[in-house]
Amino acid sequence: MNRIINFSAGPATLPLPVLEQVRQDLLDWNGSGMSVMEMSHRDKEFMSIAQESEKILRRIAEIPDNYKVLFMQGGATAQFALIPLNLLRGKAGADYVVTGDWGKKALKECGKYGKARVAASSEADKFTLIPDRTGWALDPDAAYVHITPNETIHGVEFHYVPDTGSVPLVADMSSNILSRPLEVSKYGLIYGGAQKNIGPAGLTLVIVREDLIGHAAPVTPGVFDYKAVADNESMLNTPSCFAWYVSGLVFKWIDSQGGLAVVGERNARKAALLYDYLDSQDFYSNPVARKDRSWMNVPFTLANPDLDAEFLKGSVAAGMRGLKGHRAVGGMRASIYNAMPETGVATLVEYMKEFVRMRG
Ligand code: PMP
């Protein structure tokens, strides 16, 4: 077995002990004589997997009892529509703070169902910063305020939870969920696709305050009405069983690491290692305002883009993959989610230094 150091933005690297457990369980889960892929979601075996995973998630993320946890499908992109459908609650519209391409997509989708207002945007700054909270133009009558705490493409992250008063805060945490302790009670709703920090693609996690559900617009597809999903324990129809099971193993792995505080400290160290190096020289650079730099996705460019292809080729030869930047910003991007070990980041930094010695 020759596992690479995988910097993919998502689907992304998973913890090795989780994959080993999956391999062990693959043909026969826990003496049931079947794979999780072959079980009915109504079987007692799968019911126990589902209940146990929610229990561990609630513990590690300290989710208060007045929040529902929904295990849905359709990715974060489906939630861009489901949030206005479920949360507008008869109000005219919602406020969006746009700090990257994903927030922009969420805003656009909301516009189909209500008034989608831009309360603040950093587009004029090419999404290299989080607009200062004092400058946001929030509407007190908005149904909610939507933010993207980590913009995966641009590598900008909120390092605080903004106060939006009595208007519920809705957060697309697709690329930074469970990367550090979560203050769930400061949000009305948190959502994210699983394929970065949680598990395999195909599962979307929604954590929503109870009083916000039960008001879906009449046109909402039944299977996407949060209240119906909650009342049926995310089994209104067949859920994404296998992805749910693997996600449960990831929650257990986080627990075994010491929980979100320990994981968060490790993530901070990983990010610091890379940013400190980026700031110490001028062959590579990162355009994001220092206070708003992401711990999860680190975009960087080479001073001479003609060397990009050679840099990437060399990184593959050195056992790394997934460093090509998103086409919207070019250059490179290292995604260093929870499952990326500190040694992986150290290997990258060593390779970057070596490349400067050869080509700088
Ligand atoms: N939001 C963010 C912040 C993302 O990073 C992504 C995926 N990269 C999405 C939304 C879209 O997610 P999905 O593919 O699960 O719909």
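Contact is taken here to mean heavy atoms within 4.5 Å. In the predicted model described below, this criterion is applied to Thr 204, a residue located in strand E10, which spans residues 204-209. Not counting residues up to four places away in sequence, Thr 204 touches Leu 70, Phe 71, Met 72, Gln 73, Gly 74, Gly 75, Ala 76, Gln 79, Gly 192 and Gly 193. The relative accessible area of Thr 204 is 0%. Because buried means under 20% relative accessible area, Thr 204 is classed as buried. A polar atom of the Thr 204 side chain also lies 2.9 Å from the backbone nitrogen of Gly 75.

The surroundings of the ligand were examined next. The shell around the ligand comprises 13 residues, and those that come nearest are Thr 77, Thr 152, Asp 172, Gln 195 and Lys 196. Helix H3, covering residues 75-87, supplies the largest share of this shell, with 4 residues. By residue class, the shell divides into 8 polar, 3 nonpolar and 2 charged residues. Several side chains place polar atoms beside oxygen atoms of the ligand. For Thr 152, a side-chain N or O atom is 2.4 Å from a ligand oxygen. For Gln 195, a polar side-chain atom lies 3.0 Å from an oxygen atom of the ligand. In Trp 102, an N or O atom of the side chain is 3.5 Å from an oxygen of the ligand. On its own the ligand has 400 Å² of accessible area, of which the protein covers 84%.

Attention then turned to charged pairs. Side chains of opposite charge can pair when their charged atoms come close. The model contains 19 salt bridges, and three of the pairs are described here. In one of them, Lys 104 forms a salt bridge with Glu 123, and the closest N and O atoms are 2.7 Å apart. This pair links distant parts of the chain, 19 residues apart: Lys 104 belongs to helix H4 (residues 101-110), whereas Glu 123 is found in the loop between strand E4 (115-121) and strand E5 (145-147). Lys 104 has a relative accessibility of 36% and counts as partly exposed. Glu 123, with a relative accessible area of 38%, is likewise partly exposed.

A further salt bridge joins Asp 279 to Arg 290, with 3.6 Å between the closest N and O atoms. Here too the pair links distant parts of the chain, 11 residues apart, with Asp 279 in helix H7 (residues 260-279) and Arg 290 in the loop between strand E11 (284-285) and strand E12 (297-302). The partners fall into separate accessibility classes: Asp 279 is partly exposed at 33% relative accessibility, while Arg 290 is exposed at 62%.

Another salt bridge is formed by Arg 359 and Glu 310, whose closest N and O atoms are 2.7 Å apart. Arg 359 lies in helix H9 (residues 342-359) and Glu 310 lies in helix H8 (residues 308-317), so this pair ties together parts that are 49 residues apart in sequence. Arg 359 counts as partly exposed, at 39% relative accessibility, and Glu 310 also counts as partly exposed, at 34%. In addition, salt bridges that share partners join Asp 279, Arg 290 and Arg 293 into one network.

Finally, the backbone geometry was considered. Most residues other than glycine have a negative phi, and most peptide bonds are trans. Against this background, the peptide bond from Gly 10 to Pro 11 is cis, with omega near -10 degrees. Pro 11 is placed in the loop between strand E1 (5-6) and helix H1 (16-25). Asn 30, which is not a glycine, has a positive phi near 50 degrees. This residue, Asn 30, sits in the loop between H1 and helix H2 (44-60), and Asn 30 counts as exposed at 61% relative accessibility. Lys 126 also has a positive phi, of about 55 degrees, although Lys 126 is not a glycine. Its place is in the loop between E4 and E5. With a relative accessible area of 68%, Lys 126 is exposed.

Key:
Residues numbered from 1 in each chain as written. Predicted model: local features only at pLDDT ≥ 70, side-chain atom pairs only at ≥ 80, totals over all residues. Heavy atoms only, no water. Salt bridge = Lys/Arg side-chain N within 4 Å of Asp/Glu carboxyl O. Helix = DSSP H or I, 4+ residues; strand = E, 2+ residues; numbered from the N terminus. Buried < 20%, exposed > 50% of the residue type's maximum accessible area, 1.4 Å probe, protein only. Near = heavy atom within 4 Å. Polar contact = N/O pair within 3.5 Å; in protein donor to acceptor, adjacent residues only side chain to side chain. Areas by Shrake-Rupley, 256 points an atom, 1.4 Å probe, with all protein chains shown as cover. Nonpolar A, V, L, I, M, F, W, Y, C, P; charged D, E, K, R; others polar.
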